[in-house]
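Thanks for making time this morning. I will go through one structure, from the overall layout down to the metal site and a few backbone details.

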Amino acid sequence: MGLAIAVVVALITLISTGIFLSHHWWLPHAISTIAPAIDRQFTLTFVSTGIIFVIAQLALAYAVWRFRDGGDTRRAAYSHGNTRWEVVWTTAAAILFIGLNLIGYQIWASVHFTGPEPGAMQVEVWGEQFNWYFRYPGPDNRFGPTHPEKMNDGIGNFLGLDRSHDADSKDDIVTATLAVPVNREVELVLRSKDVTHSFFVRELRLKQDLVPGLEIPIHFMATETGRYEIVCSQLCGLGHYKMRAYFEVMSQPDFDKWLETQAAAQ
Ligand SMILES: [Cu+2]
């Protein structure tokens, strides 16, 4: 029985490790300038914890086999721990996790704490149960104020704009798709109308919560044109599963044309 359990533990370990090594299910194609650093961090975390996982599981399999019941009638002796080894394990785990955090922190900070490059294009991202809206500031480059009491999805005033009174709102463009020009720095300002949502585009390697009452900026540069999916990755209610939108990366001329069409439809 001991041998059978040891073989099963070893097989589970080796097969699951093999699945990861084969990259059969792996990260989707990356299209942002920050992506290589995030993928490197991911791989570093995976490799270091993976090696420890394999060693620990194979040691478990060995112990199950080595100390199996062999009809020995001696009484078992109980160990009460080994302080020196406990200090060693705990210190090693602390160094590993704090080290990984320190390396990862720099990548995270480059998206969140350092501002975008000058000349970045600003877009507001709004989440509501269960839709996404995006707002471009228009030719004046300024977002008009939003009035919660004027928000009315029924008449298409999703963000509560008062275009007849607020000068800055007049040329604001509200869309259902997030389009950006390729190779241009973009700053997104994330806002929520109701509960916490999360903006996630796998190919950008970008995920950030939208928190009611906060305006959260993040920035990125997309390096390949194409159409990708935005999903809400924070369980936000019954319709969470269908809270999606498209993210399109276009050439600058295509983007200009697209924005013009959107402006005409306001
Ligand atoms: Cu949501």
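**Overall layout and the copper site**

Take the contacts in the protein between residues at least 6 apart in sequence: 70% of them join residues at least 24 apart. Please keep in mind that this is a predicted model.

On secondary structure, the protein has four helices and ten strands. Reading along the sequence, the order is α-α-α-β-β-β-β-β-β-β-β-β-β-α.

Now the overall dimensions. The radius of gyration is 26 Å, where a compact globule of 266 residues would come out near 18 Å. Along the principal axes, the C-alpha atoms fill a box of roughly 90 × 35 × 35 Å.

The domain assignment splits the protein into domain 1, made of 2-67 + 86-112, and domain 2, covering 121-264. Taken over C-alpha atoms, the two domain centres are 36 Å apart. Domain 1 puts 14 residues into the contact between them, and domain 2 puts in 15 residues.

As for the surface, the accessible area is about 16,400 Å², and carbon and sulfur atoms account for 62% of that. Of the 266 residues, 34% count as buried.

Next, the metal. Which residues hold the copper ion? The protein donors are His197 through ND1, Cys232 through SG, Cys236 through SG and Met243 through SD, at 2.0 to 2.5 Å from the ion. In sequence, these donor residues follow the spacing H-x34-C-x3-C-x6-M. Cys232 is in strand E9, residues 226-232, while Met243 is in the loop between E9 and strand E10 (244-250), so this pair ties together parts that are eleven residues apart in sequence.

What is the geometry of the site of the copper ion? It is tetrahedral, with angles of 93 to 123 degrees among the four donor atoms. For reference, the ideal angle for four tetrahedral donors at a metal is 109.5 degrees.

Are Cys232 and Met243 buried or exposed? Cys232 has 6% relative accessibility, and Met243 has 1%. The cut-off for buried is under 20%, so Cys232 counts as buried and so does Met243.

Last, the backbone. As background, most residues other than glycine have a negative phi, and most peptide bonds are trans. I have three places to point out against that.

The peptide bond from Gln129 to Phe130 is cis, with omega near 5 degrees. Phe130 sits in the loop between strand E1 (121-128) and strand E2 (131-136).

Asn183 is not a glycine, yet its phi is positive, at about 55 degrees. Asn183 belongs to the loop between strand E4 (178-181) and strand E5 (185-192). With 49% relative accessibility, Asn183 is classed as partly exposed.

Arg205 is not a glycine either, and its phi is positive at about 60 degrees. Where is Arg205? In the loop between strand E6 (197-201) and strand E7 (206-210). Its relative accessible area is 13%, so Arg205 is buried, whereas Asn183 is partly exposed.

To recap the metal site: His197, Cys232, Cys236 and Met243 are the protein donors of the copper ion, and the arrangement is tetrahedral. That is everything I have for today.

Notes
Residues numbered from 1 in each chain as written. Predicted model: local features only at pLDDT ≥ 70, side-chain atom pairs only at ≥ 80, totals over all residues. Heavy atoms only, no water. Helix = DSSP H or I, 4+ residues; strand = E, 2+ residues; numbered from the N terminus. Buried < 20%, exposed > 50% of the residue type's maximum accessible area, 1.4 Å probe, protein only. Donors = N, O, S within 2.8 Å, 3.2 Å for Na, K, Ca; no water. Tetrahedral: all angles 85-135°; square planar, octahedral: opposite > 155°, others 65-115°. Rg over C-alpha atoms; globule rule 2.2 N^0.38 Å. Contact = heavy atoms within 4.5 Å. Areas by Shrake-Rupley, 256 points an atom, 1.4 Å probe, with all protein chains shown as cover. Domains from an automatic or database assignment.
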